[in-house]
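Thanks for coming. Please take a moment with the sequence and the structure before I go through some of the details.

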Amino acid sequence: FYKNLVEMSTPSKKLKPKQLEGFLQHLKNTAHLNADLEQYRTPPHIAAHVLWTVESHYGGIAHTSILDLGCGNGILSIGCALLGAKKVIGLDVDHAAVETAQRNLDILRDEYVYEGDTDISFQIQDVKDLTCESFRGVRFDSVIMNPPFGTKTQLNIDTIFVQKALLFAGNVYSFHKKSTRSYWLRKQKEWNVEIECLQTLSFNIEKCYKFHTERSRDIEVDFLRIVRV
């Protein structure tokens with residue numbers, strides 16, 4: 001099944017949403033999440049859904065260059081590769097996350113005989129340290145990311161992620177807590193951008209940190225499209 005799945009990942013034979021989700025469900029997760037970095041896993045069904053939305057409604061993935069800030073286990077980056085992106089770079093400050101992402105990429109190439117021609121790589125990099133000269137001045141068509149929410153240990157880190165993303169692309173697709181929507185909408189005039197909530201999704205967060213008191217909890221999250229004007 002999966003050999004057939006990856007053979008369909010060229011732009012001319014795009015994966016269907018359920019096929020994309022099926023592959024992403026088999027990616028390995030980073031073994032130990034870091035509370036100080038506010039790390040949470042992106043559910044495979046949500047990753048597949050939003051990537052399909054970006055591609056089918058905005059033509060934002062196939063034949064384009066994608067930057068994934070805070071890539072974690074690489075689920076969004078690899079999903080973009082499967083949908084025919086030309087180039088994908090995933091960054092994360094966490095060494096374990098980058099190692100997991102690279103392992104998932106190796107699985108994609110070796111076990112499932114991925115034959116796509118996407119130039120995809122993962123790098124250890126603190127997003128806060130990025131400048132306009134990072135990537136030798138190269139710009140990307142889009143940034144697609146699931147940044148830290150910025151409401152616990154790293155206050156406003158989500159804002160920093162978006163500001164850095166806008167250095168490199170005119171289109172940014174990003175997850176943020178629904179409770180912060182009014183904050184983001186107020187940024188439109190200040191940053192000279194247009195911000196649209198494409199969808200509100202329910203993230204199921206399983207208990208993974210000591211401060212979690214419930215076995216799991218659903219959090220409403222907005223998937224935003226931020227466009228520089």
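Which residues does Phe175 touch, not counting residues up to four places away in sequence? Keep in mind that this is a predicted model. Phe175 touches Ile46, Val50 and Leu76, then Met145, Asn146 and Pro147. The list goes on with Leu201, Phe203, Val221, Asp222 and Phe223.

That brings us to the cores. In soluble globular proteins, nonpolar side chains tend to be buried together. Here, the largest nonpolar core has 40 residues, and Ile144 and Phe175 are those with the most contacts inside it. Several elements give two or more residues to this core: helices H2, H3 (44-58), H4 (75-82) and H5 (95-110), along with strands E3, E5, E6 and E7. There is also a second, separate core of 24 residues, including Ala165, Phe168, Trp191 and Ile226.

Let me stay with H2 for a moment. This helix covers residues 17-24, and six of its eight residues are buried, so H2 is largely enclosed by the rest of the structure. The buried ones are Gln19, Leu20, Glu21, Gly22, Phe23 and Leu24.

Next, charges. Side chains of opposite charge can pair when their charged atoms come close. How many salt bridges does a search of the whole structure find? The search finds six, and I will show three of them.

Start with Asp222, which we met among the residues that Phe175 touches. Asp222 forms a salt bridge with Arg181, with the closest N and O atoms 2.7 Å apart. This pair links distant parts of the chain, since Asp222 sits in strand E7 and Arg181 in helix H7, 41 residues apart. Is Asp222 buried or exposed? Asp222 has a relative accessible area of 1%, so it is buried. Its partner Arg181 is at 28% and counts as partly exposed.

The second pair is Lys178 and Glu220, whose side chains meet in a salt bridge at 3.6 Å, N to O. Again the pair links distant parts of the chain: Lys178 is in the loop between strand E5 (171-177) and helix H7 (181-191), while Glu220 is in strand E7 (residues 216-228), and they are 42 residues apart. Lys178 is partly exposed at 34% relative accessibility, and Glu220 is partly exposed at 46%.

The third pair is Asp126 with Lys128, a salt bridge at 3.3 Å, N to O. Asp126 is partly exposed, with a relative accessible area of 22%. Lys128 is partly exposed as well, at 39%.

Now the cysteines. A disulfide is a covalent bond between the sulfur atoms of two cysteines. A search of the whole structure finds zero of them. Cys71 is buried, at 5% relative accessibility, whereas Cys197 is partly exposed, at 29%.

Last, two backbone angles. Phe135 has a phi near 60 degrees, which is a positive value in a residue other than glycine. Phe135 lies in the loop between strand E3 (119-124) and strand E4 (142-145). With a relative accessible area of 19%, Phe135 counts as buried, because the cut-off is under 20%.

Asn192 also has a positive phi, about 60 degrees, although it is not a glycine. Where is Asn192 found? Asn192 is in the loop between H7 and strand E6 (193-206). At 44% relative accessibility, Asn192 counts as partly exposed.

That is my list. I will take questions now.

Methods
Residues numbered from 1 in each chain as written. Predicted model: local features only at pLDDT ≥ 70, side-chain atom pairs only at ≥ 80, totals over all residues. Heavy atoms only, no water. Buried < 20%, exposed > 50% of the residue type's maximum accessible area, 1.4 Å probe, protein only. Helix = DSSP H or I, 4+ residues; strand = E, 2+ residues; numbered from the N terminus. Salt bridge = Lys/Arg side-chain N within 4 Å of Asp/Glu carboxyl O. Disulfide = S-S within 2.5 Å. Core = buried A, V, L, I, M, F, W, Y, C linked by side-chain atoms within 4.5 Å. Contact = heavy atoms within 4.5 Å.
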